[in-house]
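Below are some notes on the model, set out as numbered points. They cover charged pairs and the nonpolar core.

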Amino acid sequence: MRKVLALSVFSLIIFILACNPNPKAIKEGYDKVIIQLPNQQYSGNIHEITLYVNTSEITQTTTEDYASFRQPYYIPNKDYTTYVSKGDIIIWRGVSITDTLDTVNITQIQHHAGKKLLGKNVLKGNDGDPEMVVGMIGKDISDQDTLDHEKYIIHFTVFENGVKRNGNFRIDPKLLPDY
């Protein structure tokens, strides 16, 4: 687990360096990261949101049945919630539960409703293999925001045996301020 988390932090630092050629990135333990950009400093927790997909069964009409975050069965995907604070980094990635050679690409995160905690309408994927999206909670969260959440849409594609399956898929979980 520590190796996977350390690799995730390392991947995040590489992503940050690719996006901005002069940041100073400092790792603190395995669950904190400080990113210092010119005139800005962010410090927060890292949330890795993994979407698990049955790549051989999913269709446009069965997305809810064959894609989940491995939450308890009584929580639908639309109610899956990640609790965040300002400065938290979120990494969205997809995994096939059917075949390790199949690919689930998270192509974008789109604001849908509520507070815009991510600060943008759309966060694009990193064009990696598999593709993932990294975002940061940039909005100040006050006591009045504790009941306000952000609904967002995860856009993803599925490749089964190297062939794109049934176009693009969508799931809409939410972010909620954490105190």
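Which side chain meets that of K78 in a salt bridge?

1. The partner is D79, with 4.0 Å from N to O. A salt bridge here is a side-chain nitrogen of Lys or Arg within 4 Å of a carboxyl oxygen of Asp or Glu. This is a predicted model: local features need pLDDT of at least 70, side-chain atom pairs count only at pLDDT 80 or more, and totals for chains, interfaces and linings use all residues. Residues are numbered from 1 along each chain as its sequence is written, and side-chain values use heavy atoms, leaving out hydrogens and water.

2. D79 also forms a salt bridge with K174, at 3.9 Å from N to O. That pair links distant parts of the chain, 95 residues apart: K174 is in strand β12 (residues 174-177) and D79 in the loop between β4 (67-68) and β5 (81-84). Strands are DSSP runs (E, at least two residues), numbered from the N terminus. K78, D79 and K174 thus belong to a network of salt bridges.

3. The whole structure has 4 salt bridges. One of them joins R93 and E48, whose closest N and O atoms are 2.3 Å apart. R93 lies in strand β6 and E48 in strand β3, so the pair ties together parts 45 residues apart in sequence.

4. The largest nonpolar core (buried Ala, Val, Leu, Ile, Met, Phe, Trp, Tyr and Cys residues joined through side-chain atoms within 4.5 Å; buried means under 20% relative accessible area, 1.4 Å probe, protein chains only) has 24 residues. Of these, W92, I109 and F156 touch the most other members. β10 gives the most to this core, with 4 residues.

Conventions: Buried means under 20% relative accessible area, exposed over 50%, partly exposed in between (1.4 Å probe, protein chains only).
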